[in-house]
Amino acid sequence: MITHKIRIYPNKTMRTFLEEQFEYARRDYNRQLEIYARGVKSGAITPANWTESLIRVRSYCARHPSFYHGENYHFPDIIGWNSKRLSMVASRMVKGKADAKFKSFGVGKKAFKICSAKLDEHRFHIRSNHKLALEGFGTIRMAENPRFASEPISVEILSHNNRYYACFLFPETPAPYPLTGKSIGIDVGISCFAVGVDEKSRVWRYDLKTGKKDKVAKRINHYTRYISYKVQTHGNHPTSNRYARTLARLRNAYFRQSNVKSNFIEQTCHIIAKRYDFIGIESLSMVSMLKRRSVAKWYIHKPYAAFLHRLKAKVSQAGKVVQEVPQNFPSSQICHCCGNRSPITKNLSIRSWTCPHCGAELNRDENAAHNILKRAMQDAPIPF
């Protein structure tokens, strides 16, 4: 299955219709969660029967649907889609690891499954003029047409930060990446997001585009200072129009920064998974990394955990190997030429030095990538 996300531009009428569906999906999710939470609290739902109880809750809500704003029409897939989302929370609630968290109005991302190809009376069509047609409700303009020839199975509508998106699900399978026989070791750092060294000692640097990132960061700092000043002088709830506009601009700036980081992660992981069959990388623990106050402000703004998670998913999907190196492995302190360990390199301010044993000129990030690749090949269950 392949998911294709496209931005859509609904008009005023369709936007009102979609917002009604979002609100119905939110209320239905809270309703199912409330029924399930009462069953857990009373002891009727246990770890042995929580899946059957979830099915019963879904069937009850389907037989007795709730309405708001009168008898408005709602897509029938919403109840089943909410039940799937609730299953992740339900398994943790039964074990006592999580509490019921209800969705608030107008907070966070909003989404619902609008229709499925299995329902003949609720079909959707993708027209050639960049239009998504919902049978009986109208059309929505799309930024582009999907890039796949097959018909989509279903579509989900998302709303985030006053932007609307359509996520199409296609039955096609992603094309596998060709095998290259190459390997690379990757070290994440402060000066550069990630530095890679392949089996031929070629150095590859993967870093965020500083121009866009710095521009967005300046906007965020400017808007944050203004909002902080208003809160200090006018209390927790300033009511001026300028404050509301600045708050919306700050929200858009954070959204823009998130998009820049997500785009960088997706493109970088695609390049690495396409070029290399074996990837060695250091296992990261953001909790321990942020305990070092001297470098915490550099680490907290870089999406290391998201990068590692996406790289594992991308490489495993391509049928290739990611080997993690233990976090306590001193990759930057060992000379990759002679194996001598120098304790002076524990200081992170030392970015380059000369090995006292063999005289090799070493760069901190490149030397760590060399050692990570060697250690990953040693720890690999299958020799590469």
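Reader: Is Asp198 buried or exposed?
Author: This is a predicted model, where local features need pLDDT of at least 70, side-chain atom pairs count only at pLDDT 80 or more, and totals for chains, interfaces and linings use all residues. Residues are numbered from 1 along each chain as its sequence is written, and side-chain values use heavy atoms, with hydrogens and water left out. On the accessibility scale, buried means under 20% relative accessible area, exposed over 50%, and partly exposed in between (1.4 Å probe, protein chains only). Because Asp198 has a relative accessibility of 2%, Asp198 is buried.

Reader: Which side chain meets Asp198 in a salt bridge?
Author: A salt bridge here is a side-chain nitrogen of Lys or Arg within 4 Å of a carboxyl oxygen of Asp or Glu. The partner counts as partly exposed because its relative accessibility is 36%. At 2.9 Å, N to O, the side chain that meets Asp198 is that of Arg202.

Reader: How many residues apart in sequence are the parts that Asp277 and Lys320 tie together?
Author: Asp277 and Lys320 pair up in a salt bridge at 3.2 Å, N to O. Asp277 sits in the loop between α5 (241–275) and β11 (278–282), while Lys320 is in the loop between α8 (304–317) and β12 (321–325), so the parts they tie together are apart in sequence by 43 residues.

Reader: And in which helix do Glu34 and Arg38 both lie?
Author: Helices (H or I, at least four residues) and strands (E, at least two) are DSSP runs, numbered from the N terminus. The side chains of Glu34 and Arg38 form a salt bridge at 3.4 Å, N to O. They are 4 residues apart, about one turn of the helix, and that helix is α1 (residues 12–42).

Reader: How many salt bridges does a search of the whole structure find?
Author: Besides the pairs above, Glu23, Arg26 and Arg27 are linked in a network of salt bridges. Searching the whole structure gives a total of 10.

Reader: OK, cysteines: how far from Cys338 is the nearest cysteine sulfur?
Author: A disulfide is a pair of cysteine sulfur atoms within 2.5 Å, and the whole structure holds 0 of them. Cys338 is in no disulfide, and the nearest cysteine sulfur, that of Cys358, is away by 3.6 Å.

Reader: What is the relative accessible area of Cys269?
Author: Cys338 counts as partly exposed because its relative accessibility is 32%. Cys269, however, is buried, and its relative accessible area is 0%.
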